[in-house]
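Work through the exercises below with the sequence and the 3D view open. Try each task before reading its solution.

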Amino acid sequence: MYRLIVSHETRLLARTGALWAILLLLVFAIGFAALAGGRSVTRQAKGAADAAAFEDGVRARMQADTEAYAARLAASGGTYEFATVDHVPGRGPPQGTNAGVVGAETAAYVVLPPTGLAALSIGQSDIQLRYLPASMGTTLDMVKNLEIENPVNLRTGPFDIAFVVIFLLPIFILALTYDLLSSEKERGTLAMILAHPVSLRELLASKIVARASVMLAVVMGLGLLALLGVGTQLDQVETWLRFGLWLLATLLYSLFWFLLAVLVNVHGRSSATNGIMLAGTWLILVVIVPTLVSLLATTLYPAPSRMDLIVAAREAQTAGEKGMGDALDRFYAEHLDQLPAGDQRAMDFLTLSQANAASIEKALLPLYQQFREQALHQEALVQRFQYLSPAIMMQLALNEASGTSTARYQDFLDQAYRFRGEWNDYFASRFLARSPLRPEDYDRFPRFEYVPEPAAAVMARLAGPLAGLLLLCIGMALLPLRQLRRYQVAAR
Amino acid sequence: MLEAIELKKSYGSHEALKGLNLRVGAGDIYCLLGANGAGKTTTINLFLNFVTPTSGEARVNGIDANADPLQTKRYLAYIPEQVMLYGNLSGLENLEYFARLGGHDGYSADDYRGFLQRVGLQEDAAARRVKTYSKGMRQKVGVAIALAKQARALLLDEPTSGLDPKASNEFSELLLQLKGEGAAILMATHDLFRAKETGTRIGIMRSGRLVQELSTDEVSHADLERIYLEHMR
Ligand SMILES: Nc1ncnc2c1ncn2[C@@H]1O[C@H](COP(=O)(O)OP(=O)(O)OP(=O)(O)O)[C@@H](O)[C@H]1O
Ligand SMILES: [Mg+2]
């Protein structure tokens with residue numbers, strides 16, 4: 001019986017324009033979103049590669065200089081020395097021997113590698129810069145281009161596939177289901193059907209199955225095409241596991257909207273009323289609640305402003321400079337490159353500026369800590385309130401599955417800060433010891449190696465939203481059963 | 001075949017049926033007469049389990065329709081005042097769907113065409129989408145569905161109201177055929193003439209009660225009208 005009704009419903013759907021119009025829109029929306037997602041990922045990858053290549057180029061030239069210097073010494077004799085501040089090229093040791101110069105004037109880029117699915121859910125990654133320069137100086141230099149003030153942004157800006165799934169898919173689903181029973185009742189066919197040995201439950205279930213299988217087959221098919229088209233790392237198991245989770249979340253989220261249509265339909269109201277109620281519910285769950293939760297998070301746990309950071313940095317710098325003796329000293333502190341070559345002061349000033357940077361960094365530390373804490377608070381609040389709206393759960397689940405979640409990014413930032421520290425220590429210790437950099441040292445500079453989060457951590461974060469969606473669906477499936485028994489078949 | 005036993009139905013404080021007893025046996029055409037709001041549709045809906053009785057039983061083939069509706073609906077065919085079908089499907093497709101809903105999977109395409117022929121729907125119309133059908137054509141498909149379902153009991157709610165006299169007459173002919181095949185037919189109607197012509201028995205309802213039952217061969221057209229009007233006073 002189920003099979004009969006399902007195939008009948010599918011035939012009816014195929015003969016109405018609505019289904020085709022919806023599928024066409026879906027194809028276009030997902031197509032555009034996939035292209036936009038793919039472009040965003042390539043842009044970030046290219047940006048990272050270009051920036052790294054530039055810095056590597058600078059260092060390669062410095063290394064070549066030190067090689068030439070070493071060769072010259074080998075021919076002429078003499079000791080391999082440490083360059084002070086050199087503005088006379090060709091004579092004396094090249095700047096590349098000075099660890100302070102190399103460490104401060106070149107940067108190593110730390111890169112958060114995208115997952116294979118990144119193009120499917122750009123998510124926060126437009127505000128998350130995925131490659132950052134690590135060099136001496138302060139962390140401020142590293143994050144000054146970073147959007148650190150609003151790490152939690154639930155209002156998905158970009159038109160990516162996650163947006164299509166979270167915002168548009170429910171509309172398409174509701175367009176196909178808002179009059180699931182009411183249209184049959186209004187058309188008068190409900191009484192005709194129910195004069196046959198069919199229960200209302202069977203009828204409803206079959207109607208949902210017919211619509212859900214068409215929609216889900218199309219959405220999942222398009223998702224797969226998108227992954228094949230703009231996804232990366234397709235040869236890795238991780239990509240497919242992530243895609244499996246992505247599909248699971250999409251399945252549960254879609255199911256929620258189908259079941260919502262059932263819940264509204266079993267009350268026997270008119271199609272128009274059902275439509276309005278469902279549209280209202282969509283607005284509340286998909287737009288209003290996420291906006292309010294986001295607002296609540298940023299109001300309760302506001303991040304310190306960027307201005308605070310800059311002001312604090314300035315104050316620390318001024319305080320540092322005050323300890324620097326006379327006006328001439330202060331002038332040269334700011335214009336190190338204009339010191340006469342070989343001047344002893346150059347050495348002292350480089351040391352001083354190193355000490356200065358360290359004290360600025362120290363002054364800024366509580367502020368970074370505050371940023372981090374507020375971000376974690378915001379994230380925790382969203383995690384807690386996600387259960388108010390399937391759209392939030394879905395956003396969190398998709399971001400997590402695609403590796404664009406706030407948590408993964410915070411972990412990356414921690415790794416990035418740690419690496420900057422390493423880089424700083426490596427060069428500062430050599431510089432302060434006045435130990436010259438040799439050509440072979442260049443191959444031993446600290447390298448950033450992104451350490452992927454353990455799968456268990458990712459799964460633990462996914463468990464909340466997925467379990468939430470699952471329980472919601474179970475509840476939504478049970479809720480209409482009682483009302484169904486009271487359904488008025490006869491039109492009045 | 002159809003049996004109402006002390007059947008009561010209240011909508012809130014309003015009693016639509018106040019203890020109805022009636023029997024429709026195989027080969028009977030039982031016509032329910034009565035003013036608007038007398039409770040005819042309510043009676044039919046109770047047999048279909050579209051509404052739940054307040055007390056009493058509506059039995060089909062000895063089974064309480066409220067206790068086991070999926071079973072009783074195997075025996076029933078229902079033709080409402082407006083047979084409503086799927087406009088985007090043809091008459092044939094509609095017939096096939098409803099026949100299979102009724103549990104009859106074994107028919108061939110020829111069988112379906114045969115049913116539609118038997119109820120007098122033209123060949124070319126059968127393949128056309130139902131949204132182009134007139135009311136009479138849809139009522140015919142309704143009868144074809146009942147035929148295909150091999151229903152042992154028919155519930156008809158003013159099935160001929162609004163049909164032209166010829167269509168109405170053809171419809172009555174079909175009922176007589178079904179009756180000949182041993183179907184039990186319960187028909188709510190306002191058409192005293194047709195009730196007398198096609199019916200075997202007549203029940204007059206008033207305010208949820210059956211006030212008189214009579215056999216059509218006991219009365220003339222004129223008598224029936226007189227009796228009916230007396231009850232309505
Ligand atoms: N769903 C309902 N809710 C409330 N009252 C109802 C409902 N259905 C029927 N009634 C009432 O029950 C009574 C019987 O209605 P019913 O439809 O059975 O009459 P009827 O004999 O079929 O009338 P008609 O000749 O107009 O079709 C009427 O008074 C009607 O108002
Ligand atoms: Mg009626």
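**Exercise 1: A salt bridge in chain A**

Asp414(A) is partly exposed, with a relative accessible area of 22%; buried means under 20% relative accessible area, exposed over 50%, and partly exposed in between (1.4 Å probe, protein chains only). The model is predicted, so local features need pLDDT of at least 70 and side-chain atom pairs count only at pLDDT 80 or more, while totals for chains, interfaces and linings use all residues. Residues are numbered from 1 along each chain as its sequence is written, chains are lettered from A and ligands numbered from 1 in the order in which they are written, and side-chain values use heavy atoms, with hydrogens and water left out.

Task: Find the salt bridge between Asp414(A) and Arg372(A), and state which parts of the chain the pair ties together.

Solution.
1. Side chains of opposite charge can pair when their charged atoms come close. A salt bridge is a side-chain nitrogen of Lys or Arg within 4 Å of a carboxyl oxygen of Asp or Glu.
2. The N to O distance for Asp414(A) and Arg372(A) is 2.7 Å, and the two side chains meet in a salt bridge.
3. Asp414(A) lies in helix 15 (residues 406-432) of chain A and Arg372(A) in helix 13 (residues 344-385), so the pair ties together parts that are 42 residues apart in sequence. Helices (H or I, at least four residues) and strands (E, at least two) are DSSP runs, numbered from the N terminus.
4. Arg372(A), with a relative accessible area of 27%, is partly exposed.

**Exercise 2: Two salt bridges in chain B**

Task: Describe the salt bridges Glu96(B) with Arg100(B) and Glu181(B) with Arg118(B).

Solution.
1. In the pair Glu96(B) and Arg100(B), the closest N and O atoms are 3.7 Å apart.
2. Both residues, Glu96(B) and Arg100(B), belong to helix 3 (residues 91-101) of chain B; they are four residues apart, about one turn of the helix.
3. Glu96(B) is partly exposed at a relative accessible area of 31%, and Arg100(B) is partly exposed at 31%.
4. For Glu181(B) and Arg118(B), the closest N and O atoms of the salt bridge are 2.6 Å apart.
5. Glu181(B) sits in the loop between helix 7 (165-180) and strand 8 (184-188) of chain B, and Arg118(B) in helix 4 (residues 109-118), so this pair ties together parts that are 63 residues apart in sequence.
6. Glu181(B) counts as exposed, at 53% relative accessibility, whereas Arg118(B) counts as partly exposed, at 35%.

**Exercise 3: Salt bridges overall**

Task: How many salt bridges are there over all chains, and which residues of chain A are linked in a network?

Solution.
1. Over all chains the count comes to 26 salt bridges.
2. A network of salt bridges links Glu9(A), Glu184(A), Arg187(A), Lys207(A) and Arg211(A).

**Exercise 4: The two chains**

Task: Describe chain A and then chain B by their helices and strands, burial and contacts.

Solution.
1. Chain A has 16 helices and two strands. Of its 492 residues, 52% count as buried.
2. Contact means heavy atoms within 4.5 Å. In chain A, 81% of the contacts with a separation of 6 or more are between residues 24 or more positions apart.
3. Chain B has nine helices and ten strands, and 55% of its 233 residues count as buried.
4. In chain B, residues 24 or more positions apart account for 68% of the contacts with a separation of 6 or more.
5. The C-alpha atoms of chain B fill a box of roughly 50 × 40 × 30 Å along the principal axes.

**Exercise 5: Two buried residues**

Task: Place Phe167(A) and Ile44(B) in their helices, and find which residues Ile44(B) is in contact with.

Solution.
1. Phe167(A) is in helix 5 (residues 161-177) of chain A and counts as buried at 18% relative accessibility.
2. The C-alpha atoms of Phe167(A) and Ala297(A) are separated by 21 Å, with their positions 130 residues apart along the chain.
3. Ile44(B) is in helix 1 (residues 40-47) of chain B and counts as buried at 0% relative accessibility.
4. Leaving aside neighbours within four places in sequence, Ile44(B) is in contact with Tyr78(B), Leu155(B), Leu156(B), Asp157(B), Leu186(B) and Ala188(B).
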